[in-house]
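Please open the model in a viewer and keep the sequence panel visible. The tour below proceeds by selection, from the whole chain to a single residue.

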Amino acid sequence: MDAQLHMHQRGMVILRFKGAVRSDQCMMHGTTNARVAPCSGRGLPELCIIPCGQDFQIEVPITDNSLSLVQHTLAEAVVARGYSFTFAELHYRNVPQPFPAGVFRMEEEAGEYSLA
């Protein structure tokens with residue numbers, strides 16, 4: 001998987017994408033499956049950290065609406081900087097999400113949003 005996944009002590013899924021990796025549809029489906037694994041049938045908040053300059057195929061964002069994510073995500077906070085921030089901000093502003101979602105530049109602020 002092209003991202004590190006772990007559970008925060010406060011019960012939040014943290015997904016940290018690796019830099020210099022092209023995020024395509026196949027990679028994102030694998031990541032989606034890994035994201036829901038620690039949920040044990042319940043919804044959890046998520047913190048998604050995207051490195052500066054992450055390369056995304058334009059089709060990638062549609063994974064946010066997959067049934068497994070809708071059922072297992074209480075809220076999603078995305079941390080991004082530079083071009084990645086612009087891409088994420090445009091996506092979340094223009095594509096309705098089935099759960100509360102926000103884009104942030106700082107991990108601390110994003111984590112508090114996701115846990116609120």
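Contact here means heavy atoms within 4.5 Å. Select the whole protein chain to begin: among its contacts between residues at least 6 apart in sequence, 76% join residues at least 24 apart. This is a predicted model, in which local features need pLDDT of at least 70 and side-chain atom pairs count only at pLDDT 80 or more, while totals for chains, interfaces and linings use all residues. Residues are numbered from 1 along each chain as its sequence is written, and side-chain values use heavy atoms, with hydrogens and water left out.

**The whole chain**

Colour the chain by secondary structure. Four helices and seven strands are present, where helices (H or I, at least four residues) and strands (E, at least two) are DSSP runs numbered from the N terminus. Their order from the N terminus is β-β-β-α-β-β-α-β-α-β-α. Next, display the surface: the protein chain exposes about 6000 Å², of which carbon and sulfur atoms supply 56%. Accessible areas come from the Shrake-Rupley method with a 1.4 Å probe; for residues, only the protein chains shown count as cover. Of the 116 residues, 45% count as buried, that is, under 20% relative accessible area (1.4 Å probe, protein chains only).

**The hairpin of E1 and E2**

Select residues 3-7 and 13-17, which are strands E1 and E2; the two run antiparallel and are joined by five bridges. Two strands pair if DSSP finds at least two bridges between them. Gln4 has Arg16 in E2 as its bridge partner. Five residues lie between the strands of this hairpin, and Gly11 in the turn has a positive phi of about 85 degrees.

**From E2 to E4 and E6**

Keep E2 selected and add E4, residues 44-49. E2 and E4 pair in the parallel sense over four bridges, and Arg16 has Ile49 in E4 as its bridge partner. Then add strand E6 (residues 73-79), which pairs with E4 in the parallel sense over six bridges. Glu46 is matched with Glu76 in E6 as its bridge partner. How many residues of E4 are buried? Six of its six residues are, and the strand is mostly covered.

**Cys48**

Finally, centre the view on Cys48 in strand E4. Why does Cys48 count as buried? Cys48 does so because its relative accessibility is 6%. Display its surroundings: not counting residues up to four places away in sequence, Cys48 touches Leu15, Phe17, Glu76, Ala77, Val78 and Val79. Draw a C-alpha to C-alpha distance to Val79: the two residues are 31 apart in sequence and 6.2 Å apart in space.

Note on methods: Buried means under 20% relative accessible area, exposed over 50%, partly exposed in between (1.4 Å probe, protein chains only).
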